[in-house]
Amino acid sequence: MIYRNAGIEDIGAIRELQQRYHIATISQQDKTDGFVTTLFTEEQFKELIEKENGITLACDGGKLAAYAMAASWDYWAEWPLFQYMINELPNTEYKGTVLSTKNSYQYGPICIDREYRGSEVLLKVFDFSRRQMSQRYPILITFINHVNPRSYYAHTQKLGLDVIKRFEFNNNTYYELGYDTSKALVLGGAVT
Ligand SMILES: CC(C)(COP(=O)(O)OP(=O)(O)OC[C@H]1O[C@@H](n2cnc3c(N)ncnc32)[C@H](O)[C@@H]1OP(=O)(O)O)[C@@H](O)C(=O)NCCC(=O)NCCS
């Protein structure tokens, strides 16, 4: 498996994976094993790659196994859910630090093709992304829909993210989670 940043030429494969596991287009059978909520247009993928270098890929030969997004709050601001989260940053603390657009960024969505779940891909994609973003920000912030228990379990139990709070938006309940980006991961759990 190769872990690397996405280029413009990867957008077609990323879009295909997004389509398969996005809440609006996912099959009923796949939905119990998680879904992604944020929907990216071609232009938004392009901007994420060119301005933020913000897509990590896991590639198995020519096949895309997984992607994970990460970017500054400036990038996410055009989605209403993220605008809500940005407005709430000054009222939110993680490990004693009041959050801001300067000391934190938003990680996610992450999406792993069904064939590669339950493997080291989760940890390796996450850690590749974390390592790069740690050069710019000390704190990772993300959200998980209350009705995505697989993702909640994977992020809290396997990756070691901390639940900061729950919030409601657009008739959905979400967990907001944080992670100290200086913490490297090893297979089997988080280490400092
Ligand atoms: C969420 C996702 C990234 C997790 O990666 P993964 O490789 O599937 O994670 P793992 O299999 O290592 O870990 C998931 C764990 O959740 C457990 N799990 C699955 N369904 C569960 C449920 N309903 N309740 C509690 N735990 C559950 C699994 O058993 C597994 O734990 P185990 O290894 O101890 O058995 C991946 O499933 C995925 O891409 N899903 C589709 C898109 C998505 O949901 N993205 C996240 C958006 S926030």
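In this predicted model, the ligand occupies the largest pocket. The shell around the ligand comprises 17 residues, and I110, I112, G118, R150 and K158 are the closest of them. Sorted by class, nine residues of this shell are nonpolar, four are polar and four are charged.

Two elements of secondary structure, strand β6 (residues 104-112) and helix α7 (residues 149-158), each contribute at least two residues to the shell. Helix α7 provides the largest share, with six residues.

Three polar contacts to oxygen atoms of the ligand are set out below.

| Residue | Protein atom | Ligand atom | Distance |
|---|---|---|---|
| I112 | polar backbone atom | oxygen | 2.7 Å |
| R150 | polar side-chain atom | oxygen | 2.8 Å |
| K158 | N or O atom of the side chain | oxygen | 2.5 Å |

Considered alone, the ligand exposes 940 Å², of which the protein buries 75%. In the contacts tabulated above, I112 takes part through its backbone, whereas R150 and K158 take part through their side chains.

Strand β6, which supplies residues to the ligand shell, also contains P109. The peptide bond that leads from G108 to P109 is cis, with an omega near 5°. A second backbone feature is found at N53, a residue other than glycine that has a positive phi of about 45°. N53 is located in the loop that connects helix α3 (residues 42-52) with strand β2 (residues 55-60). For comparison, most residues other than glycine have a negative phi, and most peptide bonds are trans.

Turning to the chain as a whole, the secondary structure of the protein consists of seven helices and eleven strands. The radius of gyration of the protein chain is 15 Å, and the globule rule gives 16 Å for 192 residues; the two values are close, so the chain is as compact as a globular protein of that length. The C-alpha trace spans about 45 × 35 × 30 Å along its principal axes.

In summary, the ligand lies in the largest pocket, with 75% of its exposed area buried by the protein and with helix α7 as the source of the largest share of the surrounding residues.

Conventions. Residues numbered from 1 in each chain as written. Predicted model: local features only at pLDDT ≥ 70, side-chain atom pairs only at ≥ 80, totals over all residues. Heavy atoms only, no water. Near = heavy atom within 4 Å. Polar contact = N/O pair within 3.5 Å; in protein donor to acceptor, adjacent residues only side chain to side chain. Areas by Shrake-Rupley, 256 points an atom, 1.4 Å probe, with all protein chains shown as cover. 1 Å grid on protein atoms, 1.4 Å probe; cavity = no way out; pocket = protein on both sides within 12 Å on 5 of 7 lines; lining within 4 Å. Sits in = over half its atoms within 2 Å of the grid points. Helix = DSSP H or I, 4+ residues; strand = E, 2+ residues; numbered from the N terminus. Nonpolar A, V, L, I, M, F, W, Y, C, P; charged D, E, K, R; others polar. Rg over C-alpha atoms; globule rule 2.2 N^0.38 Å.
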